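Here are a few exercises to work through with the structure open beside you. Try each task before reading its solution.

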Amino acid sequence: MMLGTYRALWLNDEGDLEVIDQRYLPFEKRIRVLKSANDACEAIKDMSVRGAGVIGNVAAFGVYLAAREFADDKQKIEQAALDIRSARPTAVNLMWAVDNMLEVIQRSDDVVSDCKAEAIRQTDEDVRRTQAIGNIGADIIEDIMTVKKLNQFHILTHCNAGWLAIVDSGSALAPIYEAQKRGIDVHVWVDETRPRNQGARLTAWELQDAGIQHTIIPDNTGGLLMQQGKVDMVITGADRVALNGDAANKIGTYLKALAAKDNGVPFYIALPINTFDFECANGVSDIEIEQRSQDEVHDMQGLNATGVVEQVRITPLGSQAANYGFDVTPARLIAGLITEKGVIQPNKDAIGQLQW
Ligand code: MRU
């Protein structure tokens, strides 16, 4: 599968939403068909689809599916939209997408066709945003290479912020894809990203598919690599960035930012403007952190010796586990926020000016 040939989601000829079911990657490319608002809600909850941007897109199309299902009963459509809105708590793109759909519903005389058009518009807009993020981020890569006189560039990333997470080229991975297009010799350190291993399973799969050099590392390796001068830049995506510049992203991001600060490695967050939460004054204290089932920590999935995907338990039976999905990196550790509108400093004055 080549970058750009597929999206993480699309409408089929029947008007149903098809998504790549990310729970089966990298071993199997399975498509899941979503026919109803409830299907969309379940797919977000069980992480068939994940990543802030794609969650938002699936939510928007989920509201369209609700409109199709409940014809012109606006109350039922709105209730379904609110159910989708609460499917996961941290990625603000979900709330942003549904709130926009609700506005469309309120002023619409043809809810089905207006909801469909709005969901398509939002998704297409994300494509343009990620292209711009790619260009701006690749300029930063080139600048650092010039200053450090590098022939090869090493980037560390955490989780998956590629085209599986936000159409069509991702947020954190967009500058990497663009760097490759510009002929830059780029190599990516891919944090495995326990417990669900989005780095090892999804980012590695995307990079391999695109022919980009990469090395999967256990989550706790980044600090050593930075001390050894083997990381030129860290880029991650975000699920919600507060007005003060604090950024929520996959659990473990904060530790990478601390290690980057200690070693003088620039730590960037790449995000589209709809990942800012202008209502949230302080990210560290106010962003809700999703807690997921402890089974995701106890169990691991992988190929067994006979090539069959299996789930195995890796912890003692009876032990308790905690599974916080995200953490918040304080603004002071962030070198810049790479957005489609340029590199924004992580503070209230700069972010406030972006407000819709
Ligand atoms: O729990 P996930 O897999 O949905 O978490 C995804 C991330 O943390 C990504 O880094 C984030 O959504 C940014 S990519 C648009």
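**Exercise 1. Helix directions**

Keep in mind that this is a predicted model. Your task: decide how α1 and α3 run relative to each other.

Solution. Begin with the general idea: two packed helices are described by the angle between their axes and the distance between the axes. For α1 (residues 37-45) and α3 (residues 74-85), the axes come within 9 Å and cross at roughly 10 degrees. Angles under 35 degrees count as roughly parallel, and α1 and α3 are therefore roughly parallel to each other. Next, look at who makes the contact: α1 brings Ala 37, Cys 41 and Ile 44, while α3 brings Ala 80, Asp 83 and Ile 84. Sorted by character, the residues of this contact are five nonpolar, no polar and one charged.

**Exercise 2. A second partner for α3**

Your task: work out how α3 is oriented against α4.

Solution. Take the angle and the distance again: α3 and α4 (residues 92-107) pack at about 170 degrees, with axes 9 Å apart. Angles over 145 degrees count as roughly antiparallel, which makes α3 roughly antiparallel to α4. On the α3 side, the contact is made by Lys 74, Ile 77, Glu 78, Ala 81, Leu 82, Ile 84 and Arg 85. The α4 side supplies Leu 94, Met 95, Val 98, Asp 99, Leu 102, Ile 105 and Gln 106. Together these residues divide into nine nonpolar, one polar and four charged. Notice that Ile 84 is listed in the contact with α1 and also in the contact with α4.

**Exercise 3. Around the ligand**

Your task: find which residues come nearest to the ligand and trace polar side-chain atoms to its oxygen atoms.

Solution. There are 19 residues around the ligand, and Arg 50, Ala 52, Arg 88, Asn 249 and Lys 250 come nearest. Now check distances. A polar side-chain atom of Arg 50 sits 2.8 Å from a ligand oxygen. For Asn 249, a side-chain N or O atom is 2.6 Å from an oxygen atom of the ligand. For Lys 250, the distance from a polar side-chain atom to a ligand oxygen is 2.7 Å. Finally, consider cover: on its own the ligand has 420 Å² of accessible area, and the protein covers 99% of that.

**Exercise 4. Backbone exceptions**

Your task: locate the cis peptide bond that joins Arg 194 to a proline, and the residue other than glycine with phi near 70 degrees.

Solution. Start from the background: most residues other than glycine have a negative phi, and most peptide bonds are trans. The bond between Arg 194 and Pro 195 is cis, with omega about 5 degrees, and Pro 195 falls in the loop between β5 (185-191) and α7 (198-210). Another cis bond runs from Leu 25 to Pro 26, with omega near 5 degrees; Pro 26 belongs to the loop between β2 (17-20) and β3 (31-34). The positive phi is that of Cys 159, in the loop between β4 (152-157) and α6 (174-181).

Key. Residues are numbered from 1 along each chain as its sequence is written. This is a predicted model: local features need pLDDT of at least 70, side-chain atom pairs count only at pLDDT 80 or more; totals for chains, interfaces and linings use all residues. Side-chain values use heavy atoms; hydrogens and water are left out. Axes are lines fitted to C-alpha atoms, for helices over the stretch in contact, and angles run from 0 to 180 degrees between N-to-C directions. Helices (H or I, at least four residues) and strands (E, at least two) are DSSP runs, numbered from the N terminus. Angles under 35 degrees count as roughly parallel, over 145 as roughly antiparallel, 65 to 115 as roughly perpendicular and the rest as oblique. Contact means heavy atoms within 4.5 Å. Ala, Val, Leu, Ile, Met, Phe, Trp, Tyr, Cys and Pro count as nonpolar, Asp, Glu, Lys and Arg as charged, and the others, Gly among them, as polar. A residue is near a molecule or strand if one of its heavy atoms lies within 4 Å of it. A polar contact is a pair of N or O atoms within 3.5 Å; within protein, one must be able to donate a hydrogen and the other to accept it, and residues adjacent in sequence count only if both atoms are side-chain atoms. Accessible areas come from the Shrake-Rupley method with a 1.4 Å probe; for residues, only the protein chains shown count as cover.
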